[in-house]
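I opened this model to look up a few local features and keep short notes. The entries follow in the order I took them.

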Amino acid sequence: MSTDQQTGHATEAGAPFDGRAAIEALMVAPGPPALGSAYQAMTEELRGFLDVLAGAAIDTEHAARLRAQLAQMTSRLRGLEVGEPQRLWGHWTDRPGRGQALIPSYDVPKGSLEASATVTFGRFHVGENMAVHGGAISMLFDDLLGWLLARSDLPPSRTAFLTTNFRAVTPVGVELTVHARITHVEGRKRFLAAELRHGDTVCADAEGLWVELRPGQP
Ligand SMILES: CCCCCCCCCCCCCCCC(=O)SCCNC(=O)CCNC(=O)[C@H](O)C(C)(C)COP(=O)(O)OP(=O)(O)OC[C@H]1O[C@@H](n2cnc3c(N)ncnc32)[C@H](O)[C@@H]1OP(=O)(O)O
């Protein structure tokens, strides 16, 4: 085995990195259930920390103390770094939120062509004026649509384009509903659409194209 320099993936010596195989491998939990529960609880705690920090007015001493505590935790984790396929972050595909804090946690059922979920953005994702950052909304759509596809019976694909329309300010700290659907499939191309609502108000919608990876495509 050797390591792909760009992706950190372990590959057979001389074999090119295969994106399809790597995505298919993600459909199995990366560790035992007890670790999954502990990891999920840890990422939820991290979300809470980031939201509170983003909304807090701290003083110089508090900022310096936090920096020192974070530096200590970072150095403890450094020795535990692994390659991309072995990482735990975001790879708990059997759990809502998948063990990551990049976007709010949501859950969609397996094997469906459309799904609805609830999400709540915290203050970490505020752009300004207590409106959710547009980039965070696009990221939610990319993740949700990609995850809907990954959970369908279709072979692995990757986002080719994603267009987001911001229709109304997306509020922070309240439950929102997101609906995602695979609208049609043409050969390797999958067209998808999504909508984010607060009650009856459409906050944002999106449409995008995902292209099925060919065997051996990175
Ligand atoms: C990867 C995630 C998996 C999930 C696993 C589960 C784990 C849990 C994850 C949950 C969800 C995470 C979600 C993160 C999702 C990302 O973050 S993905 C990262 C962002 N996207 C990228 O990096 C993609 C980069 N681009 C590429 O890799 C390649 O361009 C693509 C998209 C694979 C397409 O390349 P290609 O296979 O060479 O496609 P090509 O043969 O040129 O075109 C095929 C067809 O598509 C059309 N097409 C291609 N691109 C476009 C375009 N931009 N506009 C219009 N048409 C286009 C072509 O015109 C062609 O049409 P036809 O002539 O057949 O009618």
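Entry 1, annotated segment. I took residues 132–201 and found 26% helix and 47% strand along the chain there. The C-alpha atoms at the two ends of this segment are 15 Å apart. I chose these limits from the UniProt annotation "domain: Thioesterase", which comes from an unreviewed entry. The model is predicted, so I note that side-chain atom pairs count only at pLDDT 80 or more.

Entry 2, salt bridges. I counted eight salt bridges. I looked first at Arg 20 and Glu 212, where the closest N and O atoms are 3.2 Å apart. This pair links distant parts of the chain, with Arg 20 in helix α1 (residues 19–25) and Glu 212 in strand β9 (residues 201–212), 192 residues apart. I then asked which other side chain meets Glu 212 in a salt bridge. Arg 190 does, at 2.7 Å from N to O. Arg 190 lies in strand β8 (residues 189–198) and Glu 212 in strand β9, so the contact ties together parts that are 22 residues apart in sequence. I therefore logged Arg 20, Arg 190 and Glu 212 as a network of salt bridges, given that a bridge requires N and O within 4 Å.

Entry 3, burial of the network. Are Arg 20 and Glu 212 buried or exposed? Both are buried. For Glu 212 I read a relative accessibility of 15%, and since the cut-off for buried is under 20%, Glu 212 counts as buried. Arg 190 has a relative accessible area of 1%, so Arg 190 is buried too.

Entry 4, another pair. I checked Glu 84 and Arg 87, which form a salt bridge with the closest N and O atoms 2.8 Å apart. Here Glu 84 is partly exposed, with a relative accessible area of 25%. Arg 87 is likewise partly exposed, at 29%.

Entry 5, nonpolar patch. Which residues form a nonpolar patch on the surface? I listed Phe 49, Leu 53, Ile 58, Leu 70 and Met 73, with about 380 Å² of accessible area together. Helices α2 (33–55) and α3 (60–78) each supply at least two residues of this patch. I looked up Leu 53 separately: it is found in helix α2. Leu 53 has a relative accessible area of 32%, so it is partly exposed.

Entry 6, second largest pocket. I recorded a volume of about 850 Å³ for the second largest pocket. Its lining has 22 residues, and the closest to its centre are Tyr 39, Met 42, Met 73, Leu 77 and Trp 89. The elements that give two or more residues to this lining are α2 and α3. The largest share, eight residues, comes from α3. I note that Met 73 is in the nonpolar patch and also among the residues closest to the pocket centre.

Entry 7, backbone angles. I looked up two residues other than glycine with positive phi. Arg 98 has phi near 55° and lies in the loop between α3 and β3 (114–119). Arg 98 is buried, with a relative accessible area of 12%. Met 130 has phi near 60° and is found in the loop between β4 (126–128) and β5 (131–132). Met 130 is partly exposed, at a relative accessible area of 40%.

Technical notes: Residues numbered from 1 in each chain as written. Predicted model: local features only at pLDDT ≥ 70, side-chain atom pairs only at ≥ 80, totals over all residues. Heavy atoms only, no water. Salt bridge = Lys/Arg side-chain N within 4 Å of Asp/Glu carboxyl O. Helix = DSSP H or I, 4+ residues; strand = E, 2+ residues; numbered from the N terminus. Buried < 20%, exposed > 50% of the residue type's maximum accessible area, 1.4 Å probe, protein only. UniProt positions renumbered as here; feature names shortened; annotations may be inferred. Patch = residues over 30% accessible without salt bridge, like charges linked within 9 Å, V, L, I, M, F, W, Y side chains within 5 Å. Areas by Shrake-Rupley, 256 points an atom, 1.4 Å probe, with all protein chains shown as cover. 1 Å grid on protein atoms, 1.4 Å probe; cavity = no way out; pocket = protein on both sides within 12 Å on 5 of 7 lines; lining within 4 Å. Points joined across faces, edges and corners; volume = space filled by probe spheres on them.
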